[in-house]
Every structure is written in structure tokens, then in C-alpha cells.
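Please take a moment to bring up the sequence and the coordinates side by side. We will walk from the whole chain down to single residues.

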Amino acid sequence: MMIFKQKIKFLAITICLFLFSSLNVKAANLSFNSSSSVRIGNKVEVILAIGDLGEDQVSGINGKLNFDSNYLEFVNAQNMAPFAIRYKSDVQLIAGFAIGDNIVNSSNLMKFTFQTKKEGTTTISLTNIKVTDANSTPIAINSPSKSITITPPPSTNANLSNLTISPGTINFNKNTTSYNIDVDSNITSIIVNASAEDAGAKVSGTGTKNLNYGKNTINVVVTAPSGDKKAYTLTVNRKDDRSTNNNLSSLSVSGYTISPKFNSGTTSYSMEVPFEVSAININATAQDPKAKVTIGSNQKKLTAGKNNAIKITVTAENGATKTYTLNVKRAPDPNKVLSTNNDLASLSIKDVPISPVFNKDVTAYTANVSYEIESVEFIYAAADKEYGSVKLDGPETLKAGENKYTLTVSAEDGSTKEYTVIITKEKNPDGSDDIPVDKPVEPIPEKELVLKELNLKNGKLVGKFDPNVFVYQYKKDKNFTFDAIPKNSEDTVTIFENSGVYTILIEDSEGNQSVYTLIPKNSNIMIIIISCVSILFISGGTFLGYKLGLKKDKPQKTPKMKKTTKKESLAN
């Protein structure tokens, strides 16, 4: 980049271009080409060109570039003919040397780029010009100049000066951009008129606008000469007083009685016709004369031996619909031989393979699922698509072990065939199938000899603490502790621990006792409640009235127990 001192009003830049030729130039013409008008703050490009060469060749040119630095700031210069340009910022010198052939035709030589700084008219000129040929012989040449007018920046005014609708009125303010207008239901369109404050701005979104019932959004957008945009939004609410009544006032079938008796609020009806009747005539009248009634065409083509669901649709004036259904059962053809096909066409379980691969003649299948699977989705179809039907029976939720499902296929003649699927669900790997994960063990009836609080630190109960629930599973982290606080402050709390099982004994002054038990989650401990006495089966001995199971290959031992009082916090 070139650096200019602010005190220099006119800047001279010397341009030297050297081209080589064996011929002398007798005449040539120089000119500046650029826009005559440019916005302040924008860049302007000025191109120095040479012409009127005739049969001659140009080999070099130099001169002084003059411009007013109050109006223009020099940005750069670059060659446009096949020159090699050298630029020195310290002396603002641009020198060019020919590459290849000399200039023999009218050509653009250099492009100068300026940044506009000030409004007004300024001139760019080239003086002290010397044109040379390959022998450096001077050639007389004109001094070109270019006048450029720098205009103010484009207006950013994107305001409206007025905004009107017809019919209707708007309390317009140019700074208010949202308007709500209510019109009657008979107004199907409005005319929007608007004018911009700035004569150079453009307005779109005006003219005739059709209105639907309810809310209609119309945007009027003003685009300023600068390109800035501003939107004014009209929300026109056309009143919708159309009827919403889509009820029937009557429904009947010529020569037959429907069930139940017609009521406009009842949408499902049924009737039966003999085999000889293949078409019926439904009579349906809407409560609102402006509503439309449409009856399904299948009333004229009833299928024998099947239910024919005929739809009667009522469309209110406002477009809301209501559907009544008439189920017509036509008797089967007495001469028809009923199908005996009670096979399945397909059978599978989503994401679970069955064994063996399905075959319509094989009626027994098995499948295995992991413990995490709670339910399965059967996918099946009867071989007789028209008259066959399939009924599935089995548990909704899988339990550990075997789960039996039966699919009964009924043929048209009423004969049936059963397919069975036994799904075996694996047991919980942690052995706690009989201890619900998210439910406490059976509670003991409420009594006053209970804990008020059971607060675990670095641990968490499985389930919410309830004073009347006496057995819990728990999870623990490092430095696990807990506090057991009795409801009656006079009661004594004693805590025992064995193999991660905590027994919390509460005793009152009369010797009455209550016991809470904390068991590690995912342990191999089983809890059985017998007459409100808990029996824990683990590896160990007997303590605190709890009978503990023994491993068969080890002798019975008395476990070591830790004891603490109610004022202490037991850590593990």
C-alpha cells in the first residue's frame, strides 16, 4: 500500500512503462476511462488507455498522475497490458517493462483504484508525459484527464409516508410496523395502498389482497435506495360466522331398521340384510341446510358374508366434518363352499428370531430373550386374507423363565388351528429376580416404633423412604455412611452390620422392638417375610433373630457384628 501525508493536497505518481520496438511512433492518444459519478465511501477504478496507433508500435510511456487527496485516496495500481510492474511506496513510483511484443493496437495500460473520501467534483490527470519507442525516441502525446463527481451515500430511509386499506381504516404511524384489522365475513378482499417517504425507495406488497376466513397476514415491504428494508405487517381478521353444524337430523335405510335408534350424537349404527340384498338406499339429512352430506358408494355393492362399513360424512358450512358409520352385515351365500383354511401365512417376533423357521404346517415355536426385554411384538397374518382371523393370547409383560403365547387361527367355516410360541426370558444375572428393583418389600403394618428419618450419605436407597416400610435395597459409594433417627427421641437405635447388610434395631423403654434392614443392591441375599419376621438367606450364621442360610460346603459360623448407638454414624 502507498502512504500519503495529509498535508499534501495533490499527489503526483510517476508511471514508467517501457516497451521495446524497432519502429518509431508518429502519433498516439491517451485517455482515462472510469465512472463519471460514484458514491462517497465507494471505490472507483480509473483505466489509462492508449489508442490511435495506426501502423506504429508503443514501447514506453511515463508521466505524472495528479489527483486531489482531499477527495480521493490512492489504493493501488496494476498493469493491464503485458507489463512487469515495479512499485516503490517510498517515492510513489510505478515502472513497467514490456514482456513479449510491443503495443500495436488500442489497449488498456494501467488500472488505478481510489477510495472516495469527500462529496464534490474532482479531476484526475496525467502530465509531463513522454511516449517512446524501442529506441527511446520521444513522441508528442496529449495530456488526458477525467472528471469524477462524488455523490452522497444512498438514502437508508425505508419508512412509509402513508398506509391505507379499502374498505377499512388504519391509524398509521411510520414507526408502527404491526396493525390488526377486523372485517366482516362478507369482505372477501381489501385494497392496500402505501407510499414511501424517500422518492427513491421501492414499495412491495400493495394492491388487491384476497381474504380467507380468520387470520390473513399481509406484508408491505419498503426497500431504501441503500438496500435497507422495513416491513409493515397487516393482520386482517375476517369474521367467520359460517355454521359449524355438521350433525345429521335423520338417518334411515329404506325397508330396514338400524340399531340403535338414530341420535345425532351417536355416530355408529348396524343392521343386517339377507344374502339376496346386494344394495341398500340410505337416507341422511343434515341439521343445517348449508351442510353437505356424502354417502359411501359401497351402499350399492354389499359384500356377502362380511360387514360392510358405509361412511356418511357431513361437512358443515365452515368445512368441519363429522362421520357417521353404518355397519351392514350381509348374509353369506348359502350355496358357497366355506373355506377351511385356518393356516397362518406368516409369523415372526420383531427383533427376536424364532425357532424353527416358520412353516405353516409347524405349530410349535420357541424364542429366547435377555433379561432386559420386558415385552415383545408379534407380527403375523392369516393365510385366508379375506375370511381368516387370528387371535393372540399371552402375557403382556415377560417374566423370567418360560412365557407361553397362543395364536388361534379361525377359518371361514369356523374351524380353528393353534400355533404356540414359548419365549424363555433369562434370569437376572445378579440373582435378584424375586426382589423388585423399584418397589420395597411388603410393608409391615404402621406402628409408632419407627424411624423418622433414614439419611444416606454417599449412597442411595432403591425407592423412597417410608417409615412403615422396613426392608430396603441400597447403593453405596466410597465412604458410605447413614443416620437412623427414631420418631420417638426416647427410643434406642442399635445398628448391626454383616456382609454389607445393615440391621437397624429400634427399642422403646418397655422392650418393644422394630427392625429395619438395608441390603446391598445386586447382592445374592433373598428376603422372605413370614408373620412379619424377616429371614435373610446369605453365607454366614445367625444373629438378631434372623435365620441365615449356610453354604453346603462350609461349616456354620457365627458372624462378627459391628454395633453402634443411635447417636453414632456408621461408615463403610
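What percentage of the 572 residues of the chain count as buried? The share is 39%. Keep in mind as you look around that this is a predicted model.

Let us stay with the whole chain for a moment. Its secondary structure consists of 40 strands and zero helices. Among contacts with a separation of 6 or more, 62% join residues that lie 24 or more positions apart. The chain exposes an accessible surface of about 31700 Å², and carbon and sulfur atoms contribute 47% of that area.

Now turn to one sheet. It is open, it has four strands in the order β2-β4-β9-β6, and its pairing is antiparallel. At the edges you will find β2 (29-33) and β6 (72-79); each has a single partner strand, so one side of each is left without a neighbour in the sheet. On average, and ignoring direction, neighbouring strands here are turned by 20° against each other. As background, the strands of a sheet pair through backbone hydrogen bonds, in either a parallel or an antiparallel way.

Follow the edge strand β6 to its partner. Seven bridges link β6 to β9 (residues 107-116) in the antiparallel sense. Alanine 77 has phenylalanine 112 of β9 standing opposite.

Phenylalanine 112 also leads us to the next topic, the interior. The largest nonpolar core contains 29 residues, and Phe112 is among those with the most contacts inside it, together with Leu30, Phe32, Leu72, Leu109, Phe114 and Ile124. Two or more residues of this core come from each of β2, β4 (43-51), β5 (60-68), β6, β9, β10 (120-132) and β12 (145-151). In soluble globular proteins, nonpolar side chains tend to be buried together.

Isoleucine 124 is a good place to explore this core. Leaving out residues up to four places away in sequence, isoleucine 124 touches Phe32, Val46, Leu65, Asn66, Phe67, Leu72, Phe114, Pro144, Ser145, Lys146 and Ile148.

Finally, go back to the sheet and pick isoleucine 47, which lies in strand β4. Is isoleucine 47 buried or exposed? With a relative accessible area of 18%, isoleucine 47 is buried, because the cut-off for buried is under 20%. Which residues does isoleucine 47 contact, beyond its neighbours within four places in sequence? They are Ser31, Phe32, Asn33, Met80, Asn108, Met110 and Lys111. As for serine 31, 16 residues separate it from isoleucine 47 in sequence, and the C-alpha to C-alpha distance is 8.1 Å.

Key. Residues are numbered from 1 along each chain as its sequence is written. This is a predicted model: local features need pLDDT of at least 70, side-chain atom pairs count only at pLDDT 80 or more; totals for chains, interfaces and linings use all residues. Side-chain values use heavy atoms; hydrogens and water are left out. Two strands pair if DSSP finds at least two bridges between them. Axes are lines fitted to C-alpha atoms, for helices over the stretch in contact, and angles run from 0 to 180 degrees between N-to-C directions. Buried means under 20% relative accessible area, exposed over 50%, partly exposed in between (1.4 Å probe, protein chains only). Contact means heavy atoms within 4.5 Å. Accessible areas come from the Shrake-Rupley method with a 1.4 Å probe; for residues, only the protein chains shown count as cover. A nonpolar core is a set of buried Ala, Val, Leu, Ile, Met, Phe, Trp, Tyr and Cys residues joined through side-chain atoms within 4.5 Å.
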